[in-house]
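Here is a short set of exercises to work through with the model open beside you. Try each task before reading its solution.

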Amino acid sequence: MMEKCKACRYTSAIHKETIEKELARLGKTPDILADDDTRKERLEACSECRHLDQTGTCMMCGCYVMLRGAIKKNKCPKKYW
């Protein structure tokens, strides 16, 4: 029997809450998070990408775009940002 994707076990609301908690935790560490303008540009690019699924997951790398786009050192697997 194939195991169900861990991301699919939760609702989008839980994803958002979990991601926001993680961003708050990361925000306590200097130089981890990208600035607000960079985060906004990245999320806009992701929102138009065909690889973004309904739960906010990038189907190319499996990450949550809200979290991946917020971390300064991260890059898009398709090089869109």
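**Exercise 1. A charged residue under cover**

Which backbone oxygen does the side chain of Arg42 reach? Find it in this predicted model, then describe the surroundings of Arg42.

Solution.
- Step 1: locate the residue. Arg42 sits in helix H2, which spans residues 36–47 and has the highest mean pLDDT among the elements of the chain, 95.
- Step 2: look for a partner of opposite charge. Arg42 is buried but has no salt bridge. Glu41 carries the nearest side chain of opposite charge, and it is 7.3 Å away. A salt bridge needs nitrogen and carboxyl oxygen within 4 Å, so the distance of 7.3 Å to Glu41 does not qualify.
- Step 3: turn to the backbone. The side chain of Arg42 reaches the backbone oxygen of Lys72, at 3.2 Å.
- Step 4: list the neighbours. Setting aside residues up to four places away in sequence, Arg42 touches Ala34, Arg68, Gly69, Ile71, Lys72, Asn74 and Trp81.

**Exercise 2. The salt bridges, one by one**

How many salt bridges does the structure hold? Find each pair and say where its two residues lie.

Solution.
- Step 1: count. The structure holds three salt bridges.
- Step 2: take Lys21 and Glu17. Their side chains meet with N and O 3.4 Å apart. The two residues are separated by about one helical turn, because they are four residues apart in helix H1. Lys21 is exposed, at 56% relative accessible area, while Glu17 is partly exposed at 45%.
- Step 3: take Arg25 and Glu22. Here the closest N and O atoms of the salt bridge are 2.5 Å apart. Both residues belong to helix H1, and their spacing of three residues is about one turn of the helix. Arg25 is partly exposed, with a relative accessible area of 47%, and Glu22 is partly exposed too, with 25%.
- Step 4: take Lys72 and Asp31. This salt bridge has an N to O distance of 3.9 Å. Because Lys72 lies in the segment after H3 and Asp31 in the loop between H1 and H2, the pair ties together parts that are 41 residues apart in sequence. Lys72 is partly exposed at 41%, and Asp31 is exposed at 64%.
- Step 5: link back to Exercise 1. Lys72 also offers the backbone oxygen that the side chain of Arg42 reaches.

**Exercise 3. An alanine after the last helix**

Is Ala70 buried or exposed? Work out which residues surround it.

Solution.
- Step 1: place the residue. Ala70 is in the segment after helix H3, which covers 65–68.
- Step 2: apply the cut-off. Ala70 has 1% relative accessibility, so it counts as buried, the limit being under 20%.
- Step 3: collect the contacts. Beyond its neighbours within four places in sequence, Ala70 is in contact with Leu23, Ile32, Leu33, Ala34 and Arg39.
- Step 4: check one pair in space. Ala70 and Thr38 are 32 residues apart in sequence, and their C-alpha atoms are 8.0 Å apart.

**Exercise 4. Two spots in the loops and tail**

With which side chain does that of Thr57 make a polar contact? Then look at the backbone of Lys79.

Solution.
- Step 1: find Thr57 in the loop between H2 and H3. At 7% relative accessibility, Thr57 counts as buried.
- Step 2: follow its side chain. The side chain of Thr57 makes a polar contact of 2.9 Å with the side chain of Thr55.
- Step 3: add the contacts outside its four closest places in sequence. These are His51, Leu52, Gly62, Cys63 and Tyr64.
- Step 4: move to Lys79, in the segment after H3. Lys79 is not a glycine, yet its phi is positive, about 65°. Its relative accessibility of 72% makes Lys79 exposed.

**Exercise 5. The whole chain**

What order do the elements of the chain follow from the N terminus? Add the figures that describe the chain overall.

Solution.
- Step 1: read the elements. They run α-α-α, with three helices and zero strands.
- Step 2: consider burial and contacts. Of the 81 residues, 23% count as buried. Among contacts with a separation of 6 or more, 48% come from residues 24 or more positions apart.
- Step 3: consider confidence. The average pLDDT is 84, and 83% of the residues score at least 70. Helix H1 has the lowest mean among the elements, 81.

Conventions: Residues are numbered from 1 along each chain as its sequence is written. This is a predicted model: local features need pLDDT of at least 70, side-chain atom pairs count only at pLDDT 80 or more; totals for chains, interfaces and linings use all residues. Side-chain values use heavy atoms; hydrogens and water are left out. pLDDT is the predictor's confidence in each residue, from 0 to 100. Buried means under 20% relative accessible area, exposed over 50%, partly exposed in between (1.4 Å probe, protein chains only). Contact means heavy atoms within 4.5 Å. Lys and Arg count as positive and Asp and Glu as negative; His and the chain ends are not counted. A polar contact is a pair of N or O atoms within 3.5 Å; within protein, one must be able to donate a hydrogen and the other to accept it, and residues adjacent in sequence count only if both atoms are side-chain atoms.
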